[in-house]
Amino acid sequence: MPKVSVMKVFDGHQLALQIEAELKQKIQRLKRRPQLTVFLLNNNPESQLYVQKKKVLAERIGVNFNLIQLIKAETNPVLQLIKEQNNQRSVAGIMVQLPLNRGLNERKILDAIDPQKDVDCLTSKNLGLVAAGQPRFLPATVKGIMTILTQEKVVVRGRQAVVVGGSNIVGKPLAMVLSNQGATVTLVRSSEKNLAQITRQADILITAVGRQNLIKASMVKEGAVVIDVGITRCDNQECHVYGDVDFKRVKTKASLITPVPGGVGPLTVVSLFENLIL
Ligand code: NAP
């Protein structure tokens with residue numbers, strides 16, 4: 001008899017709404033509304049869109065949202081502003097929306113955030129804690145992905161996990177978290193020549209690159225869990241958002257797959273606010 005595999009398309013919006021409702025209740029029980037300060041240091045429309053999404057969610061759940069937007073800032077004045085936010089007791093969390101304008105010292109700016117308020121887990125100190133298996137926070141996207149795996153009861157321990165893309169905010173910390181949870185992890189960078197050979201080994205395949213159709217059905221093991229973080233926007237009039245995975249074809253092989261949009265994205269936004277009220 002042919003093997004019948006049960007495939008599930010994960011609904012990120014539904015789970016995010018559930019978490020949002022829980023967050024709202026928790027915030028109502030706090031003595032003071034927490035404040036999140038977001039630094040937007042460019043005028044890139046995509047970054048503005050992400051910041052806007054955070055602002056809308058903050059307002060819905062009762063978080064004070066403070067946006068500091070500087071289009072032509074230099075590193076030192078930004079460091080000074082971050083210091084001021086670090087020292088304000090009313091500020092519970094601080095994040096810097098990436099990417100930064102060219103010329104700004106990204107590492108210096110991120111490391112200026114007080115690690116206790118670093119709710120996007122971008123400081124070297126907090127990333128070090130993730131590597132050591134003692135996280136204070138997880139980067140929002142990584143937390144969102146781990147929430148999906150937990151919600152869907154995906155066993156991580158003893159499985160082959162392949163993470164494609166090695167950024168400091170997604171791929172690298174995700175690989176560390178999966179490894180700390182007992183998976184055998186391969187972290188793939190752009191220099192890899194045999195991507196398909198590696199992805200075919202994955203029980204859990206997570207891709208965070210930003211290249212449409214990078215992962216084709218022939219590159220995926222039957223029954224794999226496929227998490228697509230990538231986002232590519234097309235520029236033509238019928239603008240649409242794509243992930244890294246050839247969703248239509250890969251979903252016939254995967255046991256669980258996240259769509260783009262509507263998969264990891266909504267979980268990333270709520271995860272930031274989960275960190276804020278930790
Ligand atoms: P990033 O800084 O854009 O870097 C991309 C990474 O992909 C790099 O590590 C690069 O490796 C790697 N890469 C490029 N081509 C590759 C290939 N052919 N094979 C293997 N690796 C390759 O990364 P990011 O900030 O993590 O973003 C990745 C994608 O996820 C983007 O599309 C972004 O928009 C999206 N994203 C989505 C969410 C969400 O909530 N859904 C959150 C964050 C990011 P090298 O460094 O070796 O060149």
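Q: What do the buried residues of helix 10 pack against?

A: General idea first: buried means under 20% relative accessible area, exposed over 50%, and partly exposed in between (1.4 Å probe, protein chains only). Contact means heavy atoms within 4.5 Å. Here, the buried residues of helix 10 pack against helix 1 (12-28), strand 2 (35-40), helix 2 (45-61), strand 4 (91-97), helix 6 (140-151) and strand 8 (225-228).

Q: And what should I know about the model and the numbering before going on?

A: This is a predicted model, in which local features need pLDDT of at least 70 and side-chain atom pairs count only at pLDDT 80 or more, while totals for chains, interfaces and linings use all residues. Residues are numbered from 1 along each chain as its sequence is written, and side-chain values use heavy atoms, with hydrogens and water left out. Helices (H or I, at least four residues) and strands (E, at least two) are DSSP runs, numbered from the N terminus.

Q: How many residues of helix 10 are buried, and which ones?

A: Eleven of the 13 residues in helix 10 are buried, so call that helix mostly covered. The buried set is V264, P266, L267, T268, V269, V270, S271, L272, F273, N275 and L276.

Q: What span should helix 10 have, and what does the model show?

A: The expected span is 1.5 Å times one less than the number of residues. For helix 10 (residues 264-276) that gives 18 Å, and its end C-alpha atoms sit 19 Å apart, which agrees. Try helix 6 too: its twelve residues should span 16 Å, and its end C-alpha atoms are 16 Å apart, so the two agree.

Q: How do I read the packing of helix 2 and helix 10?

A: Two packed helices are described by the angle between their axes and the distance between the axes. Axes are lines fitted to C-alpha atoms, for helices over the stretch in contact, with angles from 0 to 180 degrees between N-to-C directions. For this pair, the axes come within 10 Å and cross at roughly 55°. Helix 2 and helix 10 are therefore oblique to each other (under 35 degrees is roughly parallel, over 145 roughly antiparallel, 65 to 115 roughly perpendicular, the rest oblique). On the helix 2 side K53, K54, L57, A58 and I61 take part, meeting V269, V270, L272 and F273 of helix 10. By class, that contact has seven nonpolar, no polar and two charged residues (Ala, Val, Leu, Ile, Met, Phe, Trp, Tyr, Cys and Pro are nonpolar, Asp, Glu, Lys and Arg charged, and the others, Gly among them, polar).

Q: Which residues make the contact of helix 6 with helix 7?

A: Start with the geometry: the axes of helix 6 and helix 7 come within 10 Å, crossing at roughly 40°. Helix 6 and helix 7 are therefore oblique to each other. V142, I145, M146 and L149 of helix 6 make the contact with P173, L174, V177 and L178 of helix 7. By class it holds eight nonpolar, no polar and no charged residues.

Q: Why is helix 6 called largely enclosed?

A: Because nine of its twelve residues are buried. The buried residues of helix 6 pack against helix 7, strand 7 (204-207), strand 8 and helix 10.

Q: At what angle do helix 5 and helix 7 pack?

A: Helix 5 (residues 124-131) and helix 7 (residues 171-180) pack at about 30°, with their axes 9 Å apart. That makes helix 5 roughly parallel to helix 7. L127, V130 and A131 of helix 5 meet P173, M176, V177 and N180 of helix 7. The contact divides into six nonpolar, one polar and no charged residues.

Q: What about the backbone: which residues have a positive phi without being glycine?

A: K153 is one, with phi near 55°. K153 sits in the loop between helix 6 and strand 5 and is exposed, at 71% relative accessible area. N213 is another, with a phi of about 65°. N213 belongs to the loop between strand 7 and strand 8 and is partly exposed, at 31%.

Q: Where do I look for cis peptide bonds?

A: Look at omega. One cis bond joins L98 and P99, with omega about 0°, and P99 lies in the loop between strand 4 and helix 4 (106-111). Another joins V260 and P261, also with omega about 0°, and P261 is in the loop between strand 11 (256-257) and helix 10.
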